[in-house]
Amino acid sequence: MTDALFWYGCNMTRHAEIIRLGTHMLEAVGVGAQPTGGPSACCGAPKESTPRIAEGMANRTMNSFNESGTKQVITWCPTCHMNLDDFMGATQGKQAESAHLAQALWQRRDALVPLLTQPVAGRVLIDMHIGNGTGVNEAVPGLLRLIPGVTVLDHPYRAPSYMCFGLASIPGALADAKASMLAAMEATGADTLVTIFHSCHRELVGLERTHGIRVVNWVHLLAEGMGLPYEDEYKAWRNSDDPEALIGAERIAAAGEEAVRKLVLPELMRPR
Amino acid sequence: MVVSASRSDVAPSASRNDVAPRYANWAELRAAESARMLAACTACGACFEACPMIAYVPAAQGASPGDTVRGVLALLQGGAGDAASRGWVAACTRSAVCIPACPEAVDPMLLLRLAKFTAQENGTIPPRDARDAMSRAKAFARLGFSETEQKEWL
């Protein structure tokens, strides 16, 4: 049994390096956490329009957590995090404590600070959203301020929703949020936009190509401060003119060519 | 009352572990919360006025806040609501600013979520097309995870 489960959610499969880095960081501050996620550990949210199916998925996941005997569930996805507390916890009982990864690291910052030895140049603005009870809006700025060389800028703008995913399906909402965030960057003199959640990263990395700014996730920046190498492949694919060539035929074949062509490449090649 | 973990005024601390479930299943939770909300809500419209997504709901432009909330309550009970309430429920992205705005502690964010459940179940609001969501997550995992990671993380 591990100390904790690092429940990364389902859509984080796009960002394997963040899962690896997050797990490494937890280990470095004394928390052995087993990553778990994907469709077999779903909170049910993707199927919420059919609550009966969502409930079955959520129950299966909560049962597996409880049966694992883990003491703590460390979350990443805010949707999973909220569902863990409301529908899942209210109907299945929750036998482990839970905290978001950013909270878990912030709570152990005394162990983290000595590891942040590498200066990172950046005047950063964080893509924050209004609706958030995961504690990230407090923890992430605190963590980034521990990195030598990083200047975390303050601006009052907060995008609607709790991450960009919800905005993407509402005509005009995501475009407005992007425009407001870019205006906030200009007003503060920021050169780097820091995303908090995976869906925000997915929606905003294209700004690196279209607007000449740097877009990184907060875990990436923390990794740079710790001297941990990583490669943000999703960003590279998304900003490439030919993601298929960049991924390479061998990897595509190994992942299943039909699935990659139908499900992956259209996402990578949609308008930025 | 369901814990609204997305409340913007919640302190950033680890969540408690509740061993005992408060409801037997989602249906019981939905029934209990719906009854509580229907009893508590006065349709004052403060939640509507606080919501940052109203600007993106064409049918809600100029709509009466109270009437729109009454439409949401109708959706919750399996009715058709009106265009403004259907549009609002569909556009809710859980910003949570409605929760502290509500003078009756209804938790309007949960109200809209439960109304959406019912409206999608009875066809009043088209369901989100999530047919490929899990397959897409798996495809990205096969691209980005090593074989060992696929075995141990999924």
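**Helices H6 and H11 of chain A**

Select residues 136-144 of chain A, helix H6, together with residues 218-226 of chain A, helix H11; in this predicted model their axes come within 10 Å and cross at roughly 25°. Angles under 35 degrees count as roughly parallel, and H6(A) and H11(A) are therefore roughly parallel to each other. The crossing of H6(A) past H11(A) is left-handed. To see the contact, show the side chains of Val140(A), Leu143(A) and Leu144(A) on H6(A), and those of Trp218(A), Leu221(A) and Leu222(A) on H11(A). By class, the contact of H6(A) with H11(A) has 6 nonpolar residues, no polar and no charged. The spacing along each helix can be read with one rule in mind: an α-helix has 3.6 residues a turn, so residues three or four places apart point the same way.

Keep H11(A) selected and turn on its surroundings. Of the 9 residues of H11(A), 8 are buried, so this helix is largely enclosed by the rest of the structure. The buried ones are Trp218(A), Val219(A), His220(A), Leu221(A), Leu222(A), Ala223(A), Glu224(A) and Gly225(A). What do the buried residues of H11(A) pack against? Their partners in chain A are helix H1 (16-28), H6, strand E6 (150-152), strand E7 (192-195) and strand E8 (214-217). Just after H11(A), look at Gly227(A), whose phi is positive, about 75°.

**Strand E7 and its partners**

Move to E7(A), one of the elements that the buried residues of H11(A) pack against. Thr192(A) and Val194(A) point one way from this strand, while Leu193(A) and Thr195(A) point the other way; all are buried. Next, add strand E5 (residues 122-126) of chain A, which runs parallel to E7(A) and is joined to it by 3 bridges. Ile126(A) is opposite Val194(A) in E7(A). Then add E8(A), which is also parallel to E7(A), with 4 bridges between the two. Here Thr195(A) has Asn217(A) of E8(A) as its bridge partner.

**The open sheet of chain A**

Now colour strands E1 to E4 of chain A. These 4 strands form an open sheet with parallel pairing, in the order E2-E1-E3-E4. Strand E2 (33-37) and strand E4 (97-100) of chain A are at the edges, each with a single partner strand, so one side of each has no neighbour in the sheet. From one strand to the next the twist averages 25°. Strand E1 (residues 4-9) of chain A and E2(A) run parallel and are joined by 5 bridges; Ala4(A) is opposite Ala33(A) in E2(A).

Add helix H3 (residues 78-92) of chain A, which packs on this sheet and touches E1, strand E3 (72-75) and E4 of chain A. The direction of H3(A) makes about 145° with that of E3(A). Follow the chain into the loop between H3 and E4 of chain A and stop at Lys94(A). Is Lys94(A) buried or exposed? Lys94(A) counts as buried, because it has 22 C-beta neighbours inside 10 Å. From there, draw a distance to Arg108(A): it is 14 residues from Lys94(A) along the chain, and their C-alpha atoms are separated by 23 Å.

**Chain B and its contact with chain A**

Switch to chain B, which has 8 helices and 0 strands. Of its 154 residues, 44% count as buried. Among contacts in chain B between residues at least 6 apart in sequence, 65% join residues at least 24 apart.

Display both chains to view the contact, which takes 55 residues from chain B and 61 residues from chain A. On the side of chain B that touches chain A, two or more residues each come from helix H1 (26-40), helix H6 (108-121), helix H7 (133-144) and helix H8 (147-153) of chain B. Select H7(B) for the largest share of that side, 12 residues. By class, the side of chain B has 32 nonpolar, 12 polar and 11 charged residues.

**Two loop residues of chain B**

Most residues other than glycine have a negative phi. Which phi does Ala96(B) take? Its value is near 75°, a positive one in a residue other than glycine. Find Ala96(B) in the loop between helix H4 (83-91) and helix H5 (98-101) of chain B; Ala96(B) is buried, with 28 other C-beta atoms within 10 Å.

The last stop is Asp107(B), in the loop between H5 and H6 of chain B. Phi of Asp107(B) is also positive, near 70°. With 26 C-beta neighbours inside 10 Å, Asp107(B) counts as buried.

Technical notes. Residues are numbered from 1 along each chain as its sequence is written. Chains are lettered from A and ligands numbered from 1 in the order in which they are written. This is a predicted model: local features need pLDDT of at least 70, side-chain atom pairs count only at pLDDT 80 or more; totals for chains, interfaces and linings use all residues. Axes are lines fitted to C-alpha atoms, for helices over the stretch in contact, and angles run from 0 to 180 degrees between N-to-C directions. Angles under 35 degrees count as roughly parallel, over 145 as roughly antiparallel, 65 to 115 as roughly perpendicular and the rest as oblique. A crossing is left-handed if the near helix is turned anticlockwise from the far one by less than a right angle, and right-handed if clockwise. Two residues are in contact if their C-beta atoms, placed from the backbone, lie within 7 Å. Ala, Val, Leu, Ile, Met, Phe, Trp, Tyr, Cys and Pro count as nonpolar, Asp, Glu, Lys and Arg as charged, and the others, Gly among them, as polar. Two strands pair if DSSP finds at least two bridges between them. A residue is buried if 20 or more other C-beta atoms lie within 10 Å of its own, exposed if 12 or fewer, and partly exposed in between; C-beta atoms are placed from the backbone.
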